[in-house]
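These are my notebook entries on a single model, kept in the sequence in which I looked things up. I began with a pair of helices and then turned to the sheet.

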Amino acid sequence: MKYLFYLVHPSKYYLFRKTINELIYDGHKVKILISSKDVLNDLIKTEDWDYVNIFPEGRNSKKKLYYINKIALLFKTIIRLKPYAKKDYDFFITDDLLGFWGKLINVKTYFFTDDDIGAIKYLFFFMIFCDYIICPKGTNLGILNSRRIQFNAFKQSAYLHPNVFIPNQSIIRKYKLREYNYVIIRKVSLHAIHDKGKEGLNLKTIDIIKNIFKEYTIITIQEDVNGLMNQMTLERIQINPSDILDIIYYARCLVGDSQTMCAEAAFLGTPFIWSSHFLHKVPYLELLINKYKLGYAVELSDYTKIRECSLDILNSPFKNDTIQLFEDTIDLSEELVKLFNFDPRNGHNSKQRFL
């Protein structure tokens, strides 16, 4: 069979990596399209995949005429996808606009999301073109709920399940770090359309973290965001993108406004503090925090609680217990391989909507 993937975020590389490699190993034809985003292009280069970067310049909008530029980028994306969206594919798989062409040329399209429709409303205009929407159990997609194929797991179950991820201590030695002796600060760039007008980690929060974890090395692993890292004299380590998960695994804790990286920390047993404008809008992360007790969610301006949570982590064991989490969830990569391997002429049984 033939598959066309369109990936627009590094987390989707991790999500589909094992699945894509197994499909290729099984003899299927797989082509990958990407847009430059953070370290996505560097990660893709580490694989022996047939891929094309259709947005090597990235898709960040200019600050002026923000929404006009975003709308223009949508049309530009559709145009750049056109040469690759062909009827001879059995499936399109994406979390972006590839479904538009799937609907137009009658190719079945899988869309992946782990957000409720209320959290990122514009995704409705991507998903409406798609036949199947793969999402965690209980994800609310409103009028599109009938298209859900739900799984009893998290996105991170595809690449951080014990069947897939084995930590490598030699990685941190390569960067002259010591296990559980450093704290990661992660601040997102807030360039996405759903981040417009939002704020993330600020100087006061980072100052609290530095004071409480003063015996630890404080590092950041992303590009400087609006000069914030430079102002706080944080140490930025130039890390090979393929090493980031090991760096998170051996950290004392992670403090950030990125729900994806905080969820990765949860699966790796690394304590985290999530402080973001998306609080109470990301069900899967709230579940990791409230049910499995793997981290903390704190309002951006609640400095008292940030201090309290930091002290709790400082006085807690180095690693969180993730046994129950993995007992409750599936190896998502294996289930995705089975899902994508079905004969498209048969369709899905509407009563079998769970992986």
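Entry 1, helix pair. I looked up how helix 7 passes helix 12 and recorded a right-handed crossing. The model is a predicted one. I took helix 7 as residues 203-212 and helix 12 as residues 303-314; their axes come within 10 Å and cross at roughly 30°. Angles under 35 degrees count as roughly parallel, so I entered helix 7 as roughly parallel to helix 12.

I then listed the residues that meet. Helix 7 contributes Lys204, Thr205, Ile208, Ile209 and Ile212, and helix 12 contributes Tyr303, Ile306, Arg307, Ser310, Leu311 and Leu314. Sorted by class, this contact holds seven nonpolar, two polar and two charged residues.

Entry 2, sheet order. I traced an open sheet of seven strands with parallel pairing, in the order 3-2-1-4-5-6-7. Which strands stand at the edges? I found strand 3 (50-55) and strand 7 (148-151) there; each has a single partner strand, so one side of each lacks a neighbour in the sheet. On average, neighbouring strands are turned by 20° against each other, with direction ignored.

Entry 3, strand pairs. I followed the pairing from strand 4 to strand 7. Strand 4 (residues 91-94) and strand 5 (residues 108-112) are joined in the parallel sense by four bridges, and isoleucine 93 has tyrosine 110 of strand 5 as its bridge partner. Strand 5 continues to strand 6 through three bridges, again in the parallel sense. Within strand 6, isoleucine 133 stands opposite phenylalanine 111; in strand 7, the bridge partner of isoleucine 133 is arginine 148. Strand 6 and strand 7 run parallel and share four bridges.

I also checked whether strand 6 is buried or exposed. Five of the five residues of strand 6 (residues 132-136) are buried, so the strand is largely enclosed by the rest of the structure.

Entry 4, helices on the sheet. I noted that helix 1 (residues 10-25) lies across strand 1 (2-7), strand 2 (29-35), strand 4 and strand 5, and runs at about 165° to strand 1. Helix 4 (residues 98-105) also packs on the sheet, where it touches strand 1, strand 4 and strand 5; its direction makes about 160° with that of strand 4.

Entry 5, a loop residue. I located phenylalanine 278 in the loop between strand 12 (272-274) and helix 11 (283-290). Its relative accessible area is 6%; the cut-off for buried is under 20%, so I recorded phenylalanine 278 as buried. The C-alpha atoms of phenylalanine 278 and isoleucine 120 are separated by 9.8 Å, although the two residues are 158 residues apart along the chain.

How values were computed: Residues are numbered from 1 along each chain as its sequence is written. This is a predicted model: local features need pLDDT of at least 70, side-chain atom pairs count only at pLDDT 80 or more; totals for chains, interfaces and linings use all residues. Side-chain values use heavy atoms; hydrogens and water are left out. Two strands pair if DSSP finds at least two bridges between them. Axes are lines fitted to C-alpha atoms, for helices over the stretch in contact, and angles run from 0 to 180 degrees between N-to-C directions. Contact means heavy atoms within 4.5 Å. Buried means under 20% relative accessible area, exposed over 50%, partly exposed in between (1.4 Å probe, protein chains only). Angles under 35 degrees count as roughly parallel, over 145 as roughly antiparallel, 65 to 115 as roughly perpendicular and the rest as oblique. A crossing is left-handed if the near helix is turned anticlockwise from the far one by less than a right angle, and right-handed if clockwise. Ala, Val, Leu, Ile, Met, Phe, Trp, Tyr, Cys and Pro count as nonpolar, Asp, Glu, Lys and Arg as charged, and the others, Gly among them, as polar.
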